[in-house]
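Trainee: Could you take me through the aromatic side chains of this model with some care, and then show me where they sit among the strands and helices?

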Amino acid sequence: MTETTVQDRPTAACVALLIAAPASGQGKTTVTAALARLHARQGRRVQVFKCGPDFLDPQWLRLASGQPVHALDRWMNGEVDVRARLFQAAQSNDVLLIEGVMGLFDGANSAAELAKSLGISAVVVVDASAMAATFGAIAHGLQHYDPGLQLAGVLANRVATAHHGELLRSGLRDPALWLGAMHQVSLDAAKPRANLLPERHLGLVAAHELHDAAERLDAAADVLALTPLGQLSWQEWQQRWTVAFTAPAVAAPVPAWLAGRRIAVARDAAFSFIYTANLECLQAMGAELAFFSPIAGDRLPACDALWLPGGYPELHLPALKANAGLQLDLQAHLEQRKPVWAECGGMVALAEGLTDLDSRWHSLWGLLPAQAVMHQRLAGLGMQQLLTPWGMLRGHTFHYSKLQSEALEVARSSRPGQAAESGKGEAVYQQGSIHASYFHAWFPSCPQAVAALLGVDMPVVDPQAWHREALNA
(Lines give C-alpha, C1' and ligand atoms only; values in the text may rest on other atoms or scores of the structure.)
Protein backbone atom coordinates (compact mmCIF):
# COMPACT_ATOMS: atom_id res chain seq x y z
CA MET A 1 0.00 0.00 0.00
CA THR A 2 1.44 3.36 -1.06
CA GLU A 3 -0.03 6.85 -1.20
CA THR A 4 0.37 9.57 -3.80
CA THR A 5 -1.63 12.57 -4.93
CA VAL A 6 -3.38 12.87 -8.30
CA GLN A 7 -5.23 16.03 -9.34
CA ASP A 8 -5.32 17.34 -5.76
CA ARG A 9 -6.92 14.16 -4.43
CA PRO A 10 -4.88 11.54 -2.59
CA THR A 11 -4.63 8.03 -4.00
CA ALA A 12 -3.75 4.80 -2.25
CA ALA A 13 -2.24 1.87 -4.18
CA CYS A 14 -3.08 -1.65 -3.06
CA VAL A 15 -3.34 -5.13 -4.52
CA ALA A 16 -7.00 -5.76 -5.38
CA LEU A 17 -8.93 -8.56 -7.11
CA LEU A 18 -12.56 -9.32 -7.84
CA ILE A 19 -13.54 -12.99 -7.35
CA ALA A 20 -16.45 -13.71 -9.67
CA ALA A 21 -18.18 -16.63 -11.41
CA PRO A 22 -20.44 -17.37 -14.39
CA ALA A 23 -23.37 -18.00 -12.01
CA SER A 24 -24.32 -18.42 -8.37
CA GLY A 25 -23.24 -21.59 -6.58
CA GLN A 26 -19.86 -21.94 -8.31
CA GLY A 27 -17.79 -21.54 -5.14
CA LYS A 28 -16.96 -17.82 -5.05
CA THR A 29 -17.19 -17.58 -1.27
CA THR A 30 -15.00 -20.62 -0.69
CA VAL A 31 -12.29 -19.33 -3.04
CA THR A 32 -12.47 -15.75 -1.73
CA ALA A 33 -12.23 -16.96 1.86
CA ALA A 34 -9.39 -19.34 0.96
CA LEU A 35 -7.45 -16.49 -0.68
CA ALA A 36 -8.01 -14.26 2.33
CA ARG A 37 -6.91 -17.00 4.69
CA LEU A 38 -3.84 -17.81 2.59
CA HIS A 39 -2.61 -14.20 2.55
CA ALA A 40 -3.43 -13.68 6.22
CA ARG A 41 -1.41 -16.78 7.15
CA GLN A 42 1.51 -15.31 5.22
CA GLY A 43 1.40 -12.21 7.41
CA ARG A 44 -0.47 -9.80 5.13
CA ARG A 45 -3.33 -7.57 6.15
CA VAL A 46 -6.40 -8.49 4.10
CA GLN A 47 -9.80 -6.83 3.86
CA VAL A 48 -12.66 -8.43 1.98
CA PHE A 49 -15.76 -6.80 0.48
CA LYS A 50 -18.94 -8.38 -0.86
CA CYS A 51 -20.82 -7.17 -3.93
CA GLY A 52 -24.49 -6.61 -3.29
CA PRO A 53 -26.54 -7.21 -0.16
CA ASP A 54 -25.50 -10.27 1.85
CA PHE A 55 -25.35 -11.16 5.54
CA LEU A 56 -24.05 -14.74 5.48
CA ASP A 57 -21.07 -14.82 3.12
CA PRO A 58 -19.46 -11.89 4.99
CA GLN A 59 -19.40 -13.92 8.21
CA TRP A 60 -17.11 -16.47 6.55
CA LEU A 61 -15.06 -13.77 4.88
CA ARG A 62 -14.62 -11.94 8.18
CA LEU A 63 -13.41 -15.12 9.86
CA ALA A 64 -10.95 -15.71 7.02
CA SER A 65 -9.53 -12.17 7.00
CA GLY A 66 -9.96 -11.14 10.63
CA GLN A 67 -11.57 -7.86 9.59
CA PRO A 68 -15.10 -6.49 9.06
CA VAL A 69 -16.59 -7.09 5.62
CA HIS A 70 -18.55 -4.29 3.93
CA ALA A 71 -21.12 -4.53 1.15
CA LEU A 72 -20.32 -2.80 -2.12
CA ASP A 73 -23.25 -1.93 -4.36
CA ARG A 74 -23.24 1.09 -6.63
CA TRP A 75 -26.98 1.54 -6.18
CA MET A 76 -27.50 0.68 -2.50
CA ASN A 77 -24.30 2.36 -1.24
CA GLY A 78 -23.91 4.92 -3.96
CA GLU A 79 -20.76 5.44 -6.02
CA VAL A 80 -19.17 7.85 -3.52
CA ASP A 81 -19.61 5.45 -0.61
CA VAL A 82 -18.12 2.55 -2.59
CA ARG A 83 -15.04 4.54 -3.56
CA ALA A 84 -14.62 5.95 -0.06
CA ARG A 85 -14.65 2.51 1.56
CA LEU A 86 -12.12 1.10 -0.90
CA PHE A 87 -9.82 4.12 -0.63
CA GLN A 88 -9.88 3.90 3.16
CA ALA A 89 -9.18 0.16 3.06
CA ALA A 90 -6.33 0.57 0.57
CA GLN A 91 -4.50 2.87 2.99
CA SER A 92 -4.18 0.25 5.71
CA ASN A 93 -4.18 -3.14 3.95
CA ASP A 94 -1.94 -5.20 1.69
CA VAL A 95 -4.70 -7.02 -0.21
CA LEU A 96 -8.32 -6.12 -1.02
CA LEU A 97 -10.58 -8.93 -2.21
CA ILE A 98 -14.09 -8.33 -3.54
CA GLU A 99 -16.47 -11.26 -3.82
CA GLY A 100 -18.89 -10.82 -6.70
CA VAL A 101 -22.61 -11.52 -6.75
CA MET A 102 -24.59 -13.87 -9.02
CA GLY A 103 -22.92 -14.21 -12.43
CA LEU A 104 -20.13 -11.86 -13.47
CA PHE A 105 -22.29 -9.84 -15.87
CA ASP A 106 -25.66 -10.28 -14.13
CA GLY A 107 -27.77 -7.32 -13.00
CA ALA A 108 -27.84 -3.61 -13.68
CA ASN A 109 -25.05 -3.08 -11.13
CA SER A 110 -23.07 -6.20 -11.98
CA ALA A 111 -19.76 -7.27 -10.51
CA ALA A 112 -18.21 -6.66 -13.94
CA GLU A 113 -19.41 -3.05 -14.00
CA LEU A 114 -17.99 -2.47 -10.53
CA ALA A 115 -14.62 -3.94 -11.52
CA LYS A 116 -14.48 -1.87 -14.71
CA SER A 117 -15.33 1.35 -12.88
CA LEU A 118 -12.48 0.75 -10.43
CA GLY A 119 -9.88 -0.77 -12.76
CA ILE A 120 -9.83 -4.07 -10.88
CA SER A 121 -9.10 -7.42 -12.56
CA ALA A 122 -11.43 -10.39 -12.14
CA VAL A 123 -10.62 -13.98 -11.23
CA VAL A 124 -13.47 -16.17 -12.46
CA VAL A 125 -14.29 -19.31 -10.48
CA VAL A 126 -15.98 -22.02 -12.57
CA ASP A 127 -17.59 -25.14 -11.13
CA ALA A 128 -15.95 -27.66 -13.46
CA SER A 129 -17.23 -30.79 -11.71
CA ALA A 130 -19.27 -31.90 -14.74
CA MET A 131 -17.28 -30.59 -17.70
CA ALA A 132 -14.03 -30.90 -19.62
CA ALA A 133 -13.17 -28.94 -22.79
CA THR A 134 -16.31 -26.80 -22.42
CA PHE A 135 -14.45 -25.10 -19.59
CA GLY A 136 -12.30 -23.49 -22.29
CA ALA A 137 -15.35 -22.23 -24.18
CA ILE A 138 -16.70 -20.58 -21.03
CA ALA A 139 -13.34 -18.96 -20.35
CA HIS A 140 -13.09 -17.74 -23.94
CA GLY A 141 -16.55 -16.21 -23.79
CA LEU A 142 -15.87 -14.48 -20.48
CA GLN A 143 -12.57 -13.12 -21.79
CA HIS A 144 -14.10 -11.56 -24.92
CA TYR A 145 -17.67 -10.71 -23.87
CA ASP A 146 -16.66 -7.26 -22.60
CA PRO A 147 -13.25 -5.97 -23.77
CA GLY A 148 -13.36 -3.31 -21.04
CA LEU A 149 -13.09 -5.92 -18.30
CA GLN A 150 -9.63 -7.05 -17.22
CA LEU A 151 -9.71 -10.84 -16.74
CA ALA A 152 -6.98 -12.06 -14.40
CA GLY A 153 -7.73 -15.67 -15.24
CA VAL A 154 -9.99 -18.62 -14.52
CA LEU A 155 -9.86 -21.05 -11.61
CA ALA A 156 -11.50 -24.45 -12.01
CA ASN A 157 -13.39 -25.45 -8.87
CA ARG A 158 -14.55 -28.86 -7.59
CA VAL A 159 -12.11 -30.73 -9.80
CA ALA A 160 -12.13 -34.51 -9.32
CA THR A 161 -8.59 -35.64 -10.25
CA ALA A 162 -5.30 -34.40 -11.65
CA HIS A 163 -6.31 -35.85 -15.03
CA HIS A 164 -9.59 -33.94 -14.88
CA GLY A 165 -7.65 -30.77 -14.19
CA GLU A 166 -5.41 -31.38 -17.18
CA LEU A 167 -8.46 -31.83 -19.45
CA LEU A 168 -9.75 -28.48 -18.25
CA ARG A 169 -6.44 -26.70 -18.72
CA SER A 170 -5.90 -28.09 -22.21
CA GLY A 171 -9.28 -26.77 -23.34
CA LEU A 172 -8.22 -23.14 -22.88
CA ARG A 173 -7.60 -21.11 -26.04
CA ASP A 174 -5.41 -18.76 -23.99
CA PRO A 175 -3.15 -20.79 -21.66
CA ALA A 176 -2.25 -17.62 -19.73
CA LEU A 177 -5.76 -17.64 -18.23
CA TRP A 178 -5.11 -20.86 -16.28
CA LEU A 179 -4.97 -20.18 -12.53
CA GLY A 180 -5.28 -23.81 -11.51
CA ALA A 181 -7.68 -26.45 -10.27
CA MET A 182 -9.28 -26.43 -6.84
CA HIS A 183 -9.88 -30.04 -5.96
CA GLN A 184 -12.87 -31.03 -3.85
CA VAL A 185 -12.25 -30.04 -0.23
CA SER A 186 -13.83 -32.06 2.56
CA LEU A 187 -13.12 -32.58 6.25
CA ASP A 188 -15.03 -35.84 6.26
CA ALA A 189 -13.37 -38.69 4.36
CA ALA A 190 -16.67 -40.55 4.39
CA LYS A 191 -18.36 -37.67 2.56
CA PRO A 192 -15.80 -36.41 0.03
CA ARG A 193 -18.52 -34.60 -1.96
CA ALA A 194 -20.05 -32.75 0.98
CA ASN A 195 -19.95 -28.98 0.73
CA LEU A 196 -17.13 -27.46 2.73
CA LEU A 197 -19.36 -24.48 3.50
CA PRO A 198 -22.83 -26.00 4.09
CA GLU A 199 -26.04 -24.25 3.07
CA ARG A 200 -29.63 -23.83 4.23
CA HIS A 201 -32.48 -21.53 3.21
CA LEU A 202 -31.24 -17.93 2.73
CA GLY A 203 -27.69 -19.12 1.97
CA LEU A 204 -24.62 -20.47 3.74
CA VAL A 205 -24.78 -21.75 7.29
CA ALA A 206 -23.31 -18.94 9.42
CA ALA A 207 -19.66 -19.41 10.34
CA HIS A 208 -20.32 -19.01 14.07
CA GLU A 209 -22.63 -22.05 14.02
CA LEU A 210 -19.83 -24.49 13.10
CA HIS A 211 -17.24 -25.38 15.73
CA ASP A 212 -14.72 -26.22 13.01
CA ALA A 213 -15.29 -23.16 10.82
CA ALA A 214 -11.66 -22.02 11.02
CA GLU A 215 -10.45 -25.55 10.22
CA ARG A 216 -12.68 -25.56 7.13
CA LEU A 217 -11.12 -22.33 5.90
CA ASP A 218 -7.61 -23.63 6.51
CA ALA A 219 -8.44 -26.75 4.50
CA ALA A 220 -9.60 -24.60 1.58
CA ALA A 221 -6.49 -22.41 1.84
CA ASP A 222 -4.27 -25.51 1.81
CA VAL A 223 -5.84 -26.71 -1.45
CA LEU A 224 -5.63 -23.25 -3.02
CA ALA A 225 -1.96 -23.03 -2.06
CA LEU A 226 -1.25 -25.89 -4.49
CA THR A 227 -2.64 -24.03 -7.52
CA PRO A 228 -0.71 -21.64 -9.78
CA LEU A 229 -2.72 -18.78 -8.28
CA GLY A 230 -1.81 -19.83 -4.76
CA GLN A 231 1.86 -20.26 -5.67
CA LEU A 232 2.36 -16.83 -7.22
CA SER A 233 4.96 -14.82 -5.32
CA TRP A 234 3.91 -11.68 -3.51
CA GLN A 235 5.96 -9.66 -6.00
CA GLU A 236 3.94 -11.15 -8.85
CA TRP A 237 0.69 -10.28 -7.08
CA GLN A 238 1.89 -6.69 -6.73
CA GLN A 239 3.05 -6.44 -10.34
CA ARG A 240 -0.14 -7.88 -11.81
CA TRP A 241 -2.93 -6.55 -9.64
CA THR A 242 -1.97 -3.34 -7.86
CA VAL A 243 -4.72 -0.71 -8.22
CA ALA A 244 -4.63 3.00 -7.39
CA PHE A 245 -7.76 4.08 -5.48
CA THR A 246 -8.56 7.80 -5.56
CA ALA A 247 -10.21 9.48 -2.62
CA PRO A 248 -13.72 10.77 -3.39
CA ALA A 249 -14.71 14.32 -2.61
CA VAL A 250 -14.90 14.90 1.13
CA ALA A 251 -18.49 14.47 2.32
CA ALA A 252 -20.04 16.47 5.12
CA PRO A 253 -20.06 14.52 8.40
CA VAL A 254 -23.34 13.04 9.57
CA PRO A 255 -24.90 15.25 12.27
CA ALA A 256 -25.02 13.78 15.79
CA TRP A 257 -28.79 13.31 15.71
CA LEU A 258 -28.60 10.36 18.16
CA ALA A 259 -26.22 12.00 20.66
CA GLY A 260 -27.14 11.07 24.21
CA ARG A 261 -29.36 8.18 23.10
CA ARG A 262 -28.81 4.54 23.87
CA ILE A 263 -29.90 2.10 21.17
CA ALA A 264 -30.37 -1.55 22.14
CA VAL A 265 -29.42 -3.99 19.36
CA ALA A 266 -30.33 -7.68 19.44
CA ARG A 267 -27.31 -9.66 18.26
CA ASP A 268 -26.94 -13.43 18.36
CA ALA A 269 -27.55 -16.48 16.15
CA ALA A 270 -31.23 -15.53 15.77
CA PHE A 271 -30.53 -11.86 15.00
CA SER A 272 -27.27 -11.80 13.06
CA PHE A 273 -28.19 -9.98 9.85
CA ILE A 274 -26.38 -6.78 10.74
CA TYR A 275 -24.29 -4.65 8.41
CA THR A 276 -21.19 -3.29 10.12
CA ALA A 277 -21.87 -0.08 8.16
CA ASN A 278 -25.24 0.22 9.92
CA LEU A 279 -23.61 0.04 13.33
CA GLU A 280 -21.00 2.57 12.26
CA CYS A 281 -23.76 4.86 10.98
CA LEU A 282 -25.55 4.76 14.34
CA GLN A 283 -22.30 5.53 16.14
CA ALA A 284 -21.49 8.34 13.71
CA MET A 285 -24.81 9.91 14.68
CA GLY A 286 -23.71 9.81 18.32
CA ALA A 287 -25.62 6.74 19.53
CA GLU A 288 -24.40 4.49 22.30
CA LEU A 289 -25.03 0.86 21.31
CA ALA A 290 -26.10 -1.80 23.82
CA PHE A 291 -25.99 -5.34 22.44
CA PHE A 292 -27.95 -8.22 23.96
CA SER A 293 -28.80 -11.84 23.13
CA PRO A 294 -32.46 -12.86 23.32
CA ILE A 295 -31.69 -16.56 22.83
CA ALA A 296 -29.14 -16.49 25.69
CA GLY A 297 -31.86 -15.23 28.02
CA ASP A 298 -30.68 -11.60 28.18
CA ARG A 299 -33.13 -8.95 29.33
CA LEU A 300 -33.60 -5.73 27.38
CA PRO A 301 -30.83 -3.27 28.28
CA ALA A 302 -31.80 0.20 29.46
CA CYS A 303 -32.32 2.08 26.22
CA ASP A 304 -34.12 4.86 24.38
CA ALA A 305 -34.89 2.77 21.28
CA LEU A 306 -34.56 -0.80 20.05
CA TRP A 307 -33.35 -2.29 16.75
CA LEU A 308 -34.31 -5.91 16.10
CA PRO A 309 -32.32 -7.00 13.02
CA GLY A 310 -33.11 -9.94 10.79
CA GLY A 311 -31.72 -13.41 11.14
CA TYR A 312 -33.01 -16.91 11.84
CA PRO A 313 -35.64 -16.70 14.60
CA GLU A 314 -37.31 -19.78 13.05
CA LEU A 315 -34.29 -21.85 14.14
CA HIS A 316 -34.47 -20.69 17.76
CA LEU A 317 -38.18 -20.64 18.54
CA PRO A 318 -38.06 -22.41 21.95
CA ALA A 319 -35.30 -20.12 23.27
CA LEU A 320 -37.10 -16.98 22.09
CA LYS A 321 -40.40 -18.02 23.64
CA ALA A 322 -38.68 -19.09 26.87
CA ASN A 323 -37.26 -15.59 27.45
CA ALA A 324 -40.34 -14.39 29.33
CA GLY A 325 -38.38 -11.65 31.07
CA LEU A 326 -37.46 -10.06 27.76
CA GLN A 327 -41.06 -10.28 26.62
CA LEU A 328 -42.11 -8.28 29.71
CA ASP A 329 -39.32 -5.76 29.08
CA LEU A 330 -40.45 -5.27 25.50
CA GLN A 331 -44.03 -4.73 26.62
CA ALA A 332 -42.87 -2.08 29.10
CA HIS A 333 -40.71 -0.49 26.38
CA LEU A 334 -43.75 -0.16 24.14
CA GLU A 335 -45.99 1.11 26.92
CA GLN A 336 -43.51 3.99 27.32
CA ARG A 337 -43.88 4.67 23.57
CA LYS A 338 -40.20 3.99 22.98
CA PRO A 339 -39.37 3.25 19.32
CA VAL A 340 -38.72 -0.19 17.84
CA TRP A 341 -37.39 -0.77 14.32
CA ALA A 342 -37.83 -4.46 13.48
CA GLU A 343 -36.43 -5.93 10.25
CA CYS A 344 -37.47 -9.25 8.74
CA GLY A 345 -36.64 -11.87 11.41
CA GLY A 346 -36.89 -9.17 14.06
CA MET A 347 -40.44 -8.48 12.90
CA VAL A 348 -41.27 -12.20 12.95
CA ALA A 349 -40.08 -12.49 16.57
CA LEU A 350 -42.52 -9.73 17.57
CA ALA A 351 -45.45 -11.57 15.98
CA GLU A 352 -47.98 -13.72 17.80
CA GLY A 353 -46.37 -16.82 16.39
CA LEU A 354 -45.01 -18.73 13.41
CA THR A 355 -46.26 -21.75 11.45
CA ASP A 356 -43.28 -23.86 10.38
CA LEU A 357 -42.85 -25.99 7.26
CA ASP A 358 -44.52 -28.92 9.01
CA SER A 359 -47.61 -26.78 9.72
CA ARG A 360 -46.80 -26.62 13.43
CA TRP A 361 -47.64 -23.45 15.34
CA HIS A 362 -45.03 -21.82 17.61
CA SER A 363 -45.95 -18.93 19.92
CA LEU A 364 -43.65 -15.92 19.91
CA TRP A 365 -43.58 -12.58 21.73
CA GLY A 366 -47.07 -11.48 20.66
CA LEU A 367 -46.33 -7.76 20.52
CA LEU A 368 -47.35 -7.36 16.90
CA PRO A 369 -50.84 -8.52 15.85
CA ALA A 370 -49.55 -10.76 13.06
CA GLN A 371 -48.78 -14.38 12.25
CA ALA A 372 -45.78 -15.57 10.24
CA VAL A 373 -45.85 -18.59 7.95
CA MET A 374 -42.74 -20.31 6.60
CA HIS A 375 -42.68 -21.32 2.91
CA GLN A 376 -40.48 -23.65 0.88
CA ARG A 377 -39.97 -21.04 -1.82
CA LEU A 378 -38.65 -17.51 -1.64
CA ALA A 379 -41.36 -15.02 -0.72
CA GLY A 380 -39.29 -11.92 -1.44
CA LEU A 381 -35.94 -11.15 -3.07
CA GLY A 382 -34.30 -8.07 -4.54
CA MET A 383 -33.22 -4.49 -4.09
CA GLN A 384 -35.79 -2.20 -2.49
CA GLN A 385 -36.18 1.47 -1.61
CA LEU A 386 -38.41 2.92 1.08
CA LEU A 387 -39.89 6.39 0.70
CA THR A 388 -40.16 7.96 4.16
CA PRO A 389 -41.16 11.45 5.29
CA TRP A 390 -37.47 12.04 6.03
CA GLY A 391 -35.92 10.81 2.79
CA MET A 392 -35.29 7.69 0.75
CA LEU A 393 -33.90 4.61 2.49
CA ARG A 394 -32.27 2.07 0.23
CA GLY A 395 -31.89 -1.60 0.98
CA HIS A 396 -33.21 -5.00 -0.04
CA THR A 397 -35.44 -7.92 0.86
CA PHE A 398 -34.79 -11.67 1.15
CA HIS A 399 -37.16 -13.96 3.05
CA TYR A 400 -38.95 -17.32 3.02
CA SER A 401 -41.73 -16.46 5.45
CA LYS A 402 -44.85 -14.36 4.91
CA LEU A 403 -46.62 -12.19 7.45
CA GLN A 404 -50.38 -12.20 7.82
CA SER A 405 -51.55 -9.09 9.64
CA GLU A 406 -54.37 -6.60 9.98
CA ALA A 407 -51.92 -4.00 11.33
CA LEU A 408 -51.87 -0.54 9.80
CA GLU A 409 -49.76 -0.39 6.64
CA VAL A 410 -48.03 2.98 6.76
CA ALA A 411 -45.76 2.64 3.75
CA ARG A 412 -44.57 0.26 1.08
CA SER A 413 -41.15 -0.17 -0.42
CA SER A 414 -40.57 -0.46 -4.15
CA ARG A 415 -38.06 -1.67 -6.69
CA PRO A 416 -35.39 0.81 -7.82
CA GLY A 417 -36.84 3.20 -10.36
CA GLN A 418 -40.45 2.23 -9.62
CA ALA A 419 -43.20 3.87 -7.60
CA ALA A 420 -44.60 2.04 -4.57
CA GLU A 421 -47.84 0.32 -5.51
CA SER A 422 -50.42 -1.50 -3.43
CA GLY A 423 -49.63 -5.21 -3.30
CA LYS A 424 -46.02 -4.80 -4.45
CA GLY A 425 -42.81 -4.21 -2.57
CA GLU A 426 -42.63 -4.80 1.18
CA ALA A 427 -45.25 -3.52 3.60
CA VAL A 428 -44.06 -1.41 6.53
CA TYR A 429 -46.34 -1.93 9.50
CA GLN A 430 -46.92 0.36 12.45
CA GLN A 431 -48.30 -0.75 15.80
CA GLY A 432 -47.88 1.87 18.51
CA SER A 433 -44.19 2.77 18.53
CA ILE A 434 -43.22 -0.28 16.42
CA HIS A 435 -42.21 0.07 12.79
CA ALA A 436 -41.66 -3.34 11.21
CA SER A 437 -41.00 -4.71 7.73
CA TYR A 438 -39.24 -7.41 5.73
CA PHE A 439 -37.25 -4.51 4.27
CA HIS A 440 -33.56 -4.55 5.28
CA ALA A 441 -32.33 -0.94 5.37
CA TRP A 442 -28.83 0.23 4.48
CA PHE A 443 -28.63 2.95 7.15
CA PRO A 444 -25.95 5.14 5.49
CA SER A 445 -28.27 5.70 2.51
CA CYS A 446 -30.48 8.01 4.61
CA PRO A 447 -29.30 8.49 8.20
CA GLN A 448 -31.99 11.10 8.89
CA ALA A 449 -34.73 8.51 8.22
CA VAL A 450 -33.01 6.05 10.57
CA ALA A 451 -32.77 8.71 13.28
CA ALA A 452 -36.50 9.44 12.87
CA LEU A 453 -37.44 5.75 13.08
CA LEU A 454 -35.42 5.56 16.30
CA GLY A 455 -37.34 8.40 17.90
CA VAL A 456 -35.67 11.67 16.92
CA ASP A 457 -38.01 14.49 15.87
CA MET A 458 -36.60 15.08 12.40
CA PRO A 459 -37.80 17.67 9.86
CA VAL A 460 -39.94 16.27 7.07
CA VAL A 461 -38.57 16.70 3.56
CA ASP A 462 -40.52 17.43 0.40
CA PRO A 463 -42.15 14.04 -0.32
CA GLN A 464 -42.69 14.86 -3.99
CA ALA A 465 -38.99 15.56 -4.44
CA TRP A 466 -38.08 12.18 -2.90
CA HIS A 467 -40.74 10.48 -4.99
CA ARG A 468 -39.17 11.89 -8.14
CA GLU A 469 -35.74 10.72 -6.98
CA ALA A 470 -37.11 7.21 -6.47
CA LEU A 471 -38.43 7.04 -10.01
CA ASN A 472 -35.10 8.26 -11.39
CA ALA A 473 -32.94 5.97 -9.26
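Mentor: In this predicted model, one aromatic cluster is formed by Phe55, Phe273, Tyr275, Tyr312 and Trp442. Counted pair by pair, the aromatic pairs come to nine. One of them joins phenylalanine 105 and tyrosine 145, whose ring centres are 4.6 Å apart and whose planes make 50 degrees, so the pair is tilted, given that planes over 60 degrees apart would count as edge-to-face. These two residues come from distant parts of the chain, 40 residues apart: phenylalanine 105 belongs to the loop between β5 (95-99) and α4 (111-118), while tyrosine 145 belongs to helix α5 (residues 134-145). Phenylalanine 105 has a relative accessible area of 23% and is partly exposed, whereas tyrosine 145, at 61%, counts as exposed.

Helix α5 also holds phenylalanine 135, which pairs with tryptophan 178 in strand β8 (residues 178-183), 43 residues apart. Here the ring centres are 6.0 Å apart and the planes stand at 85 degrees, so this pair is edge-to-face. Both phenylalanine 135 and tryptophan 178 are buried, and phenylalanine 135 is, with Leu18 and Phe245, among the residues that have the most contacts inside the largest nonpolar core, a core of 43 residues. Beyond its neighbours within four places in sequence, phenylalanine 245 is in contact with residues including Pro10, Cys14, Leu86, Phe87 and Ile120. Another core, of 38 residues, lies apart from that one, and among its members are Ala264, Ala351, Ala407 and Ala436.

Aromatic residues appear in an open sheet as well, one of seven strands with mixed pairing in the order β13-β12-β14-β15-β24-β23-β22. Its edges are β13 (288-292) and β22 (408-412), and each has a single partner strand, so one side of each is left without a neighbour in the sheet. On average, and with direction ignored, neighbouring strands of this sheet are turned by 20 degrees against each other. Within the sheet, β14 (residues 305-308) and β15 (residues 340-343) run parallel and are joined by three bridges, with tryptophan 307 standing opposite tryptophan 341 in β15. Helix α10 (residues 276-284) packs on this sheet and touches β13 and β14, its direction making about 140 degrees with that of β13, while helix α12 (residues 324-335) lies across β13, β14, β15 and β24 (434-437) and runs at about 130 degrees to β14. Finally, an aromatic ring may face a charge: the charged end of arginine 267 sits over the ring of phenylalanine 291, 3.6 Å from its centre.

How values were computed. Residues numbered from 1 in each chain as written. Predicted model: local features only at pLDDT ≥ 70, side-chain atom pairs only at ≥ 80, totals over all residues. Heavy atoms only, no water. Core = buried A, V, L, I, M, F, W, Y, C linked by side-chain atoms within 4.5 Å. Buried < 20%, exposed > 50% of the residue type's maximum accessible area, 1.4 Å probe, protein only. Contact = heavy atoms within 4.5 Å. Pairing = 2+ DSSP bridges. Helix = DSSP H or I, 4+ residues; strand = E, 2+ residues; numbered from the N terminus. Axes fitted to C-alpha atoms, helices over the stretch in contact; angles between N-to-C directions. Phe/Tyr/Trp six-rings, centres within 6.5 Å; stacked < 30°, edge-to-face > 60°. Lys NZ or Arg CZ within 6 Å of the ring centre and 35° of its normal.
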